[in-house]
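Reader: I would like a close look at the charged side chains that pair with one another, and at how open to solvent the partners are. Please take one pair as the starting point and work outward from there.

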Amino acid sequence: MNVTHGLRRALQINPEGLATVFGERRRSWREICERVSRLAAGICSLGVEAGDRVAILSLNSDRYLELYLATAWAGAVIVPLNIRWSPAENEDAMRDCRANLLFVDKAFAATGAALAKALPDLKQIYADDGDVPAGIEGYEALLARSQPMPDAMRDSGDLAGIFYTGGTTGRSKGVMLSHGNLMADALNALGEGLFSGSAVYLHAAPMFHLANGAAMYSLLLSGGSNVIVQAFTPEGVMAAVQNEGVTDVLLVPTMIQMLVDHPALGSYNLSSLKNIIYGASPISEAVLGRAMAALPNTRFTQAYGMTELSPIATLLHWNEHIGEGRAKGRHRAAGRATLGCEVRIVDADDKPLPNGSVGEIVVRGDNVMMGYWERPEETARAVVDGWMHTGDGGFMDADGFVYVVDRVKDMIISGGENVYSVEVENAVAQHPAVAQCAVIGIPNERWGEQVHAVVVTKSGAKVSADELIEFCKTLIAGYKCPRSVEISESPLPLSGAGKILKRELRKPFWENRERLVS
C-alpha cells in the first residue's frame with residue numbers, strides 16, 4: 001500500500017462525496033483527484049524526480065492536503081517544514097534534506113524569498129489565494145498548465161516523507177517514514193475504531209505536524225471529510241464545529257484548555273462533536289475534568305507516540321476515562337499498545353522489566369521509522385533489534401496499560417512541541433556573558449511544561465533574564481526559548497564525571513508530584 005491508495009479508493013467508491021472544506025471552498029473527491037494528478041505533473045515538470053524532496057512551509061489549507069497527496073503521486077518525498085521554527089532552522093533542514101522545490105503561502109512568502117537567496121537552486125511555488133509575488137509561479141497556474149499524470153504507485157518500502165524533529169546533538173534530525181509506515185499507522189487507527197467513514201474531521205492542529213497528518217491518512221482510507229482551519233483559535237474551532245457539523249478533532253492539551261476555558265464556549269452549538277483525540281503531551285487531570293464536564297457528549301481518547309512511530313504507539317480509549325476505568329486510575333495512563341504495535345518496558349540493558357517497574361518505553365511494529373535521514377549512528381542507537389526507544393520512562397500494569405512518569409531523553413514538551421534541552425543550551429551559551437548553563441523543563445499550568453534556563457555568568461559579566469530570552473529568539477524558534485531564567489550565584493551541581501546534575505536542578509519544581517512530566 002502507498003499513501004495515495006485512499007485517494008484512489010475514494011474516487012472509486014465516493015467520487016462526489018465531500019472531500020475538503022476550507023472557508024467557502026468545497027471540493028469533492030473527484031475534484032481533489034483531478035487536482036492532485038495535475039499538481040503531480042506540475043511538480044515533475046519543475047525537474048522533480050522520483051525520491052526528490054519537496055518542502056512546504058505554510059499554514060493549514062486545502063492545498064496542504066493536496067500537496068501531501070500530489071508529492072506521493074509524483075513519486076517524490078514530502079518535507080513539511082515547522083511553521084514555528086526560525087528561518088535559520090528551516091534553512092538548516094532544507095540544506096540537510098536537499099529539497100529542490102518549496103511551496104509557500106502568504107504568511108511565509110518572505111521566508112521563502114530569503115531561503116531562495118540562501119539556496120540558489122531552489123524553485124518556489126506560491127500556494128495561496130490572491131496576487132502571486134513577482135518572480136515565482138502560482139499554484140493554480142501550475143495546475144492549469146499541467147495535464148493529469150498517472151500515479152507513480154510507490155511501493156510500501158519507499159520513502160514517503162521526512163519529518164523534522166529536535167535533536168539530542170543540537171541539530172534537528174529528519175525522521176524518514178515510508179509509505180508502509182504511514183499506512184500501517186492509518187490502518188491501526190481505523191482498526192481501533194477511530195475515524196469512521198462518516199467522520200467530519202477538523203484539521204485544527206498544524207498540518208506540518210505528523211499527529212494531524214496521521215489523522216489525515218486515516219481519513220483518506222475511511223473516506224471521511226476534511227474541514228480545515230488556517231490555524232487553531234478557540235473561536236475558529238467552535239465556529240467550524242457548529243457550521244460544518246464536525247464530528248472528530250485532534251487537539252493537544254493546551255488547545256483543549258484554551259477551548260473549554262473560553263468564555264464563548266456556551267454560545268456555540270457543539271453537539272455534533274463526538275470525539276476529541278488528544279496527545280503530544282500529558283494532560284492534567286484538572287484540564288481533562290473541565291473538558292469532560294464542558295463537553296459531556298464528547299468522547300476523549302488519548303494517543304501516545306512520537307514522530308518516529310508514524311506516530312501512534314498506544315491508545316487510551318474514551319471508556320477508560322469514565323466509570324470503572326477511571327475508578328482504577330486508568331485515565332492517568334497513556335493507554336495500551338495499539339493494533340499492530342508491541343510495547344515493552346526495558347532496563348538500561350534492554351532487558352524486559354516486570355509489571356510495575358519503571359524503565360524505558362520501547363515499541364515494535366510496521367510503524368517504526370526507516371531511520372533518521374543520513375544519520376545511521378543515531379538510527380542505530382534509537383532502533384535496536386526493531387524496537388524504537390522512545391526516551392520516555394514509564395511502567396506497565398498487569399492489564400497492559402502504560403503509564404508515562406519521566407523522560408530518559410533530555411527533552412521538554414511545551415504546548416505539544418518537543419524541545420531538546422541541548423538545542424536551547426547551545427543558543428544560551430552563545431551569549432558572551434554566559435559561562436555555564438543548563439536547561440530543564442518545569443511545570444506550567446497552561447503549556448504543560450515550560451523551558452527554564454539556569455545560568456552562571458562569566459566573572460564580572462552581567463545579563464538579565466529578558467536579555468537572554470531576546471537573544472535566544474534570534475537563534476531558535478520562539479517556543480524553544482526559555483520562558484524563565486535563573487541567574488545562579490554558584491556553579492551548577494556536577495557529577496563525579498563532570499556532568500551537570502539536572503535532576504538536582506529539577507527537584508525543587510517537581511517535588512510531591514506523582515510523575516516527573518506534565
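Author: R332 has a relative accessibility of 35%, so this arginine counts as partly exposed, lying between the 20% and 50% limits. The model is a predicted one, and in it R332 forms a salt bridge with E285, with 2.6 Å between the closest N and O atoms. The glutamate falls in the class of partly exposed residues too, because the relative accessibility of E285 is 39%. In sequence the two partners are 47 residues apart, and the pair links distant parts of the chain: E285 belongs to helix α11 (residues 285-294), whereas R332 sits in the loop between α12 (323-327) and β16 (336-337).

A second pair can be described in the same terms, namely R30 and E16, whose salt bridge has its closest N and O atoms 2.6 Å apart. Here R30 is part of helix α2 (residues 29-45) and E16 is part of the loop between α1 (5-13) and β1 (18-22), so this salt bridge ties together parts that are 14 residues apart in sequence. As for accessibility, R30 is partly exposed at 43%, while E16, with a relative accessible area of 55%, is exposed.

The salt bridge between R375 and E378, at 3.2 Å from N to O, has partners in another accessibility class. R375 is buried, because its relative accessible area of 11% is under 20%, and E378 is buried as well, at 12% relative accessibility.

Side chains of opposite charge can pair when their charged atoms come close. Beyond single pairs, there is a network of salt bridges that links R25, R27, R35, D62, R63, E66, D129 and E140. The count of salt bridges in the model comes to 32.

Charged residues also appear in the lining of the second largest pocket, where 13 of them stand beside 14 nonpolar and 5 polar residues. This pocket holds about 870 Å³ of space, and of the 32 residues that line it, R407, V408, K409, D410 and M411 lie nearest its centre. The elements that give two or more residues to this lining include the helices α13 (376-382), α14 (421-428) and α16 (502-510), together with strands such as β21 (387-396), β22 (402-407) and β25 (434-444).

Notes. Residues numbered from 1 in each chain as written. Predicted model: local features only at pLDDT ≥ 70, side-chain atom pairs only at ≥ 80, totals over all residues. Heavy atoms only, no water. Salt bridge = Lys/Arg side-chain N within 4 Å of Asp/Glu carboxyl O. Helix = DSSP H or I, 4+ residues; strand = E, 2+ residues; numbered from the N terminus. Buried < 20%, exposed > 50% of the residue type's maximum accessible area, 1.4 Å probe, protein only. 1 Å grid on protein atoms, 1.4 Å probe; cavity = no way out; pocket = protein on both sides within 12 Å on 5 of 7 lines; lining within 4 Å. Points joined across faces, edges and corners; volume = space filled by probe spheres on them. Nonpolar A, V, L, I, M, F, W, Y, C, P; charged D, E, K, R; others polar.
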